[in-house]
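The following note is offered to a colleague who wishes to examine helix packing and internal space. Please consult the display before reading the numbered points.

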Amino acid sequence: MTLSSQAEGGRLPWSGLLALSCAAFTAVLAELLPAGLLPAMAPPLGVAESRIGFLVTAYAAASLVAAIPVTAALRGLPRRPVLCGALLGFAAGDALVALSSSYPLTVAARLLAGAAGGTLWAMLAGYAARMVPPERRGRAIAVVLAGITLALALGVPAGTALAGAVGWRAAFGTLAVLTALLVGWVRLRVPGFPGEPPHARAPLFRVAARPGIRPVLCVTLFLLLGHQAMYTYVAPFAAQAGYGATGVLLAVFGSATVAGVWLTGVLVDRRPRPTLLTALALVAAALLVLGVGARVHGLLVGAVALWGAAFGGAPTLIQTALVDASGPADADVATSLQTTVYNAGIAAGSLTGGLALDAAGAGVLPWTALPPVLLALTTVAAGRRHAFPARRTAVATEARAPAGSAAVAVTCPAGDHAVRRWADGTGQ
């Protein structure tokens, strides 16, 4: 399958992209489902509810630790079997949770699923980028990452409701079966790409040192730190503001992220830099409103909606910038770095917010979250040359690929000059 055939008539390869989006949906649902099932899972496993919460921590920790080394070890293998293997890891982990009556075995199952998650997240954006021509890359990544938003807005609540109706074991068993079926969809509709031969693999340190990579990783870290410091503690913040309907706020946030993802999909390929600057500025503005006006409940709900819409599109914009900076051929490596940074941001944000809450109360949370978001905004504003250029020069370069090339180009440092490398092995 060539890019020219995929781009015929300006169509996206919808079936394959939706399969990848479902993979993202599955990964988020597998990660977060235990958080909604603490009271139900604790007695059968003979532990306190807090220990069930550690199942989410175990998943995230395994994902953080596994992303870089597993991705590096598997770079030479064909991409589609690796993708299917990661999904089968999810299915096995969820099936073990459904069957387990032992807490240590359940933790082991979550570690397996987390390692699969780290591998999957390192692949998705780069895979989407390789399925489309460069000028459609941002929209393809937006389609795939929409699975995250749908999982947060719909999947986790639906999974929790299903567990309430038929039991938590049946919920995990259903998720395992659906994930196994997804493997069949991936095999049928997602194109296969070769792994990288040893002589074509850019070392991890060289990918990390490319102009633009580190600013994108810094924006990821800063944004997730600020977002998570506030989002993790929405319930005590709403209670402090006299607004008891936390579920309503979360629903408003989730619905707004859907709108943000849609709008980003429209703009990302044409105006990525101003769109990201606007999104980060709106997140900062929402936090400012929460800091000064949360006791006015109309302002509270409006600010949460603005926050959700602005934050919803940010992952697509940031990952598109990362793939542009690394090139699709090395996107798995770059995204494995981002997966680690992303999880570090989540952990640091939750810790920072918790410390602020204990020290000064819920009212200080927006002011705790605001500085890192402003750092993210400043980093994007300063990254005009390589990380977040006004014009996507990487796309213009890749569009001049040799006739019949099966993939787009990536410019790689090679001593004191640049080598443009194509996924079919040619270079110039």
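At what angle do helix α5 and α6 pack, and how far apart are their axes?

1. Helix α5 (residues 79–99) and α6 pack at an angle of about 150°, their axes lying 8 Å apart. Axes are lines fitted to C-alpha atoms, for helices over the stretch in contact, and angles run from 0 to 180 degrees between N-to-C directions. Helices (H or I, at least four residues) are DSSP runs, numbered from the N terminus.

2. On the basis of the numbers: this is a predicted model, in which local features need pLDDT of at least 70 and side-chain atom pairs count only at pLDDT 80 or more, while totals for chains, interfaces and linings use all residues. Residues are numbered from 1 along each chain as its sequence is written, and side-chain values use heavy atoms, with hydrogens and water left out.

3. α5 and α6 are therefore roughly antiparallel to each other (angles over 145 degrees count as such, under 35 as roughly parallel, 65 to 115 as roughly perpendicular and the rest as oblique). The contact of α5 with α6 comprises 15 nonpolar, 5 polar and 4 charged residues. Here Ala, Val, Leu, Ile, Met, Phe, Trp, Tyr, Cys and Pro count as nonpolar, Asp, Glu, Lys and Arg as charged, and the others, Gly among them, as polar.

4. Helix α6 (residues 103–130) also packs with helix α15 (residues 331–360), at an angle of about 130° and with axes 8 Å apart. That makes α6 oblique to α15. In this contact (heavy atoms within 4.5 Å), G118, W121, A122, M123 and G126 of α6 meet A331, D332, T335, S336 and T339 of α15. By class, these are 4 nonpolar, 5 polar and 1 charged residues.

5. Helix α10 (residues 213–231) is another partner of α15: the axes come within 7 Å and cross at roughly 30°. α10 and α15 are therefore roughly parallel to each other. Their contact has 14 nonpolar and 8 polar residues, and no charged residues.

6. What lines the largest cavity? T71, L74, R79, V82, T119, M123 and D332 do so, and α5 and α6 are the elements that give two or more residues to this lining. A cavity is a set of points on a 1 Å grid over the protein atoms alone where a 1.4 Å probe fits but cannot get out; lining residues have an atom within 4 Å of a point. By class, the lining has 3 nonpolar, 2 polar and 2 charged residues.

Terms used
On a 1 Å grid over the protein atoms alone, a cavity is a set of points where a 1.4 Å probe fits but cannot get out, and a pocket is an open set with protein on both sides within 12 Å along at least five of seven lines; lining residues have an atom within 4 Å of a point.
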